[in-house]
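Hi there,

Here is the structure I promised to pass on. Have a look at it first, and then read on for what turned up.

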Amino acid sequence: MPAPGSLVLPLCALILAPLLLGIVNRTKAVIAGRHGPPLLQPYWDIAKSLRRGAVYGEVTTWLLRLGPVGGLAALAAALLVMPFGGVGAPVSFSGDIIVLVGLLALGRFATVLAALDTGSSFEGMGASREVHFSALAEPALLLALATLARVTGSFALTPVYQAVAIGAWADALPTFALVGMTLLVILLVENTRIPVDDPTTHLELTMIHEVMVLDHSGPDFGLIQYAAALKVWILGALLAGLVVPVRSGSVWLDGAAMLVGMVLLAGVIGMIESAMARYRLVHVPQFIVGAATLSAVAFIIRLV
Amino acid sequence: MSPLIETIHAVGLLTCFALLATSRIGACIRWLSFQGILFGMVPLIVHDDGLTARAMLLAGGNIALKGIVFPWLLLGLRARADFNREVQPFVSFVMSILCGILILALSVWLTQEMKPALAKAPFVMLDSSIFLIFIGLFLMISRRNALMQVIGFLVLENGIFVFGVITVVGTPLLVELGVLLDAFVGVFVMGIAIYHITREFGSMDVDRLTELRG
């Protein structure tokens, strides 16, 4: 049972996660020369959805209602094992790397089940795409984390990220750089951001994630939006923890450096989204497999 | 192990994967040029005796030939035979990358097996050299376009060069330069052959050569 004080970190994540999406949207707007929505707009969007009533189709079952709750619950549970750079997670045990990846997969599974439950052909298509791409992205994520575990000699996320200091970077520069690139690609793929999918589009034929949640309304949709923000936060913290190697020992300093890192990361996502076009769907697997290759190379060069 | 060697190793491996995943001949040639320059620098850093005239000559010759002359020849050839700019793989790009990972694992295993025999060599680079040799062979057999076979041959040559530089400390300079000259003549002859193939068949597709059966 974690100490009550250590729960501050997941709480911060729960509060701050939608802000990241606000920063991404603001960056995109500024680059496009617009003023853009306020930074807190994602909070208003979620609040608005939560106030509404929900409509469920007559042919749907409890699986549709389970989807948003299950997805959010899995991600909130993942926050418990997720360290924030040098700041340790409330729960840490050997093998929690696998637990993190498993929880992400569980959340996705709940969403996919809900999408299939509607019986809509569009949602089935979206579910198929989501599962296809995540089947490729998951080994990449596991390889990246396995490489970090290999370099730092630990199999729990908190010690792994505490070991990623400047000295470790100097020792294993190419390895960390490769893993960082993989994590960036996974962040874009898992959150269905631009080179893979456009989160703002509403053309069903090209969508991946958004098409699965078309039948959710009201509070359910609010929960899904919130879960999406949490997912950006979790995968972003994996990457930012690697590229911000500030390990001073002081919780405040490490946490502040990580927060700056997360804000910069959101800016980078916004810039990528402004600068790149979406890939054709047939090219997405190549993109993900390429990212997995970077991690595989990093893993194999550390093997000897 | 020195970070510089490890960086060259990692970037070198990635150039191989880039060659496996690239569909345009022109881009492949540029990757090859980059790879030639990268591995051309190996003689300068791999041994502890520093910047000797011999190492400088070897590295300079390699970078000039593999980084500049060969790519220039190949780009000229591609421009002249402007029929198809795609590499036309027999094995799809995603499968090529997965094969590349398997080959990488195989070469790491082979290096481990060789370790007792070559106690002094920097092992990371030994990985790269064997990987380059295998990837060269793989590119030659898995691509339809005749230019890609020249590129595969040059990747193979890079591998043999790195292997020679790191394992055999006392090779006479004359032998090393002779090997370079051989590669140069090889590429020259292959260039002429490809030119004639394209003139005869109107394409660089090596499958068309089966039509030559009498």
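Let me begin with a pair of helices in chain A; please keep in mind throughout that this is a predicted model. Helix α5 (residues 121-152) of chain A and helix α11 (residues 284-301) of chain A have axes that come within 9 Å and cross at roughly 15°. Angles under 35 degrees count as roughly parallel, and α5(A) and α11(A) are therefore roughly parallel to each other. The crossing in which α5(A) passes α11(A) is left-handed.

If you would like to find this contact by residue, α5(A) brings A:F133, A:L136, A:A137, A:P139, A:A140, A:L143, A:A144, A:A146, A:T147 and A:R150 to it. On the other side, α11(A) offers A:V284, A:P285, A:I288, A:V289, A:A291, A:A292, A:S295, A:A296, A:A298 and A:F299. Sorted by class, the contact of α5(A) with α11(A) holds 17 nonpolar residues, two polar and one charged.

Still in chain A, have a look at A:T192. This residue sits in the loop between α8 (173-190) and α9 (218-243) of chain A. Its phi is near 45°, which is a positive value in a residue other than glycine. Is A:T192 buried or exposed? A residue is buried if 20 or more other C-beta atoms lie within 10 Å of its own; A:T192 has 22 of them within 10 Å, so it is buried.

Next comes the place where the two chains touch. Chain B puts 18 residues into the contact and chain A puts in 14 residues. On the side of chain B that touches chain A, the elements giving two or more residues are α1 (3-21), α5 (93-114) and α6 (123-142) of chain B. Of these, α1(B) gives the most, with nine residues. That side of chain B divides into 15 nonpolar residues, two polar and one charged.

Finally, chain B as a whole. Eight helices and zero strands are found in chain B, and along the sequence the pattern reads α-α-α-α-α-α-α-α. The radius of gyration of chain B is 17 Å, close to the 17 Å that the globule rule gives for 214 residues, so chain B is as compact as a globular protein of that length. Its C-alpha trace spans about 55 × 35 × 30 Å along the principal axes. Of the 214 residues in chain B, 41% are buried. Among contacts in chain B between residues at least 6 apart in sequence, 76% join residues at least 24 apart.

Happy exploring, and best wishes!

Technical notes: Residues numbered from 1 in each chain as written. Chains lettered and ligands numbered in written order. Predicted model: local features only at pLDDT ≥ 70, side-chain atom pairs only at ≥ 80, totals over all residues. Axes fitted to C-alpha atoms, helices over the stretch in contact; angles between N-to-C directions. Helix = DSSP H or I, 4+ residues; strand = E, 2+ residues; numbered from the N terminus. Parallel < 35°, antiparallel > 145°, perpendicular 65-115°, else oblique. Left-handed = near helix turned anticlockwise from the far one by under 90°. Contact = placed C-beta atoms within 7 Å. Nonpolar A, V, L, I, M, F, W, Y, C, P; charged D, E, K, R; others polar. Rg over C-alpha atoms; globule rule 2.2 N^0.38 Å. Buried ≥ 20, exposed ≤ 12 C-beta atoms within 10 Å, placed from the backbone.
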